[in-house]
Each structure stands twice: as structure tokens, then as C-alpha cells.
Amino acid sequence: MSYSLLLILHLFAALIFIGTVFFEVLILTDIRRHLPREVMREVERAIGNRARKLMPWVLLALYGSGIGMAWHYRAALAQPFENSLGLLLSLKILLALSVFGHFVTAMIWHRQGLLRSRRSHLLHLSVFCHMVAIVLLAKIMLRFSW
Ligand code: HEM
């Protein structure tokens with residue numbers, strides 16, 4: 001697949017993933033205050049079920065295309081401390097791996113019945129902060145160099 005197609009796939013997958021996380025943190029958290037606890041639980045259950053069906057495919061597209069693009073920068077990645085692109089891209093990949101770790105943890109906690117409201121909120125908040133850093137790194141790594 002060409003680099004341009006990988007980039008478009010990566011961008012759309014990132015839009016869906018980042019959009020979902022931002023929606024959960026910036027909108028759903030506030031809605032919680034205005035709805036009865038039972039109703040909110042149902043809403044969260046329905047959103048969770050949908051996300052668990054959709055997200056594995058979104059993540060496959062996001063990470064698959066990311067790895068495909070990173071292959072083009074393998075020389076820079078081989079010596080991350082020698083060039084700014086290698087360093088910033090390595091940092092972005094590390095953060096993306098950490099996000100994946102959050103996702104796997106959420107799946108495990110859900111299976112074990114441990115994914116309660118507070119844990120779920122903290123996980124989302126952590127992924128939200130990762131997202132902000134990943135997007136900043138993605139936008140500066142090819143534009144600035146030192
Ligand atoms: C949570 C996971 C990830 C998110 C949210 C994410 C998000 C983004 C975003 C928003 C861009 C900018 C795209 C654009 O401006 O058109 C980007 C670019 C890029 N990402 Fe990711 N990414 C993730 C994971 C990865 C991974 C795992 C890799 C590599 C192994 C990767 C490699 C790249 C590369 C090489 C670019 C530069 C593309 C370019 O502008 O030419 N990404 N990413």
C-alpha cells in the first residue's frame with residue numbers, strides 16, 4: 001500500500017479513536033451529573049458494547065497503517081538520539097504502545113467484572129492525556145528538526 005493511502009487510513013482511524021476518547025471525557029463525564037445513576041449505567045453499557053465491537057478494527061487500522069508508515073522512517077528510528085524525527089517518532093510510538101496497554105487492561109478488567117465507573121474514568125483520562133501528546137508529536141515531528 002502506498003504511503004499516501006496508509007496516511008489517509010491512519011488519519012481516519014485516529015479521528016474515530018481520538019473522537020471517541022474525547023467524547024467520553026469531555027461530554028459523557030458531564031452528562032453523568034444530569035442523569036439518574038441507573039440511566040447512566042445503561043448508557044455506558046450500550047456505549048461500551050458498541051466500542052468493544054468497533055474499536056478492535058479501528059485499532060487494527062490505526063496501528064497497522066502506523067507501522068506501515070514507520071517502515072519508511074526505519075533509518076531514523078534505528079538511531080533515535082541522532083536525529084529529531086527518530087526521537088519524536090519513537091516517543092509517539094512508545095505513547096501509542098502505552099495506549100494499547102490501556103486498551104488491553106480495559107478488556108481484561110471488563111472480563112473480570114472490575115471495570116467500574118471510577119476505574120473506567122481514570123483509564124479514559126489517562127488515554128485522553130496520551131492522545132493530546134500523540135497528536136502534538138504527530139504534528140511537530142515532520143515540521144521541526146534540530
Ligand atoms: C493511539 C495510536 C495513534 C494515534 C492516535 C495516532 C495519531 C496520529 C495522527 C493524528 C497523525 C497525523 C496524521 C496527519 O497529519 O495526517 C499521525 C501521524 C503518524 N503516525 Fe500515528 N498515531 C498512533 C499510532 C501510531 C503508531 C503505532 C505508529 C507507528 C508504529 C504511528 C506512526 C505515525 C507516522 C509515521 C505518522 C506521520 C505521517 C505523516 O505525516 O507522514 N502512529 N498519527
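A pocket, as the word is used here, is an open set of grid points with protein on both sides within 12 Å along at least five of seven lines, and its lining residues have an atom within 4 Å of a point. With that in hand, the predicted model can be explored one pocket at a time.

The second largest pocket is a good place to begin. Its lining is made up of 31 residues, and those nearest its centre are H10, M69, K92, A138 and M141. Two or more lining residues come from each of the helices α1, α2, α4 and α5. Among these contributors, α1 provides the largest share, with nine residues. The space in this second largest pocket amounts to about 880 Å³. Sorted by class, its lining holds 25 nonpolar residues, along with three polar and three charged ones.

What takes up the space of the second largest pocket? The ligand does. Two or more residues of the shell around the ligand are given by each of α1 (3-31), α2 (37-70), α4 (84-111) and α5 (117-140). In total, 23 residues surround the ligand, and Y3, H10, G66, K92 and K139 are the closest of them. This shell consists of 19 nonpolar residues, two polar ones and two charged ones.

A closer look at the ligand brings individual atoms into view. On the side chain of Y3, a polar atom lies 2.5 Å from an oxygen atom of the ligand. The side chain of H10 has an N or O atom 2.8 Å from a nitrogen atom of the ligand. For K92, a polar side-chain atom is found 2.5 Å from a ligand nitrogen atom. Two of these residues, H10 and K92, have already appeared in this account, as they are among the residues nearest the centre of the second largest pocket.

The largest pocket completes the picture. It has a volume of about 1100 Å³. Its lining comprises 35 residues, and E24, E44, L115, S120 and H124 are the closest to its centre. Here too the helices α1, α2, α4 and α5 take part, each supplying at least two residues of the lining. Which helix gives the largest share of the lining of the largest pocket? That helix is α2, with ten residues. The lining of the largest pocket divides into 17 nonpolar, ten polar and eight charged residues.

Terms used
Residues numbered from 1 in each chain as written. Predicted model: local features only at pLDDT ≥ 70, side-chain atom pairs only at ≥ 80, totals over all residues. Heavy atoms only, no water. Near = heavy atom within 4 Å. Polar contact = N/O pair within 3.5 Å; in protein donor to acceptor, adjacent residues only side chain to side chain. 1 Å grid on protein atoms, 1.4 Å probe; cavity = no way out; pocket = protein on both sides within 12 Å on 5 of 7 lines; lining within 4 Å. Sits in = over half its atoms within 2 Å of the grid points. Helix = DSSP H or I, 4+ residues; strand = E, 2+ residues; numbered from the N terminus. Nonpolar A, V, L, I, M, F, W, Y, C, P; charged D, E, K, R; others polar. Points joined across faces, edges and corners; volume = space filled by probe spheres on them.
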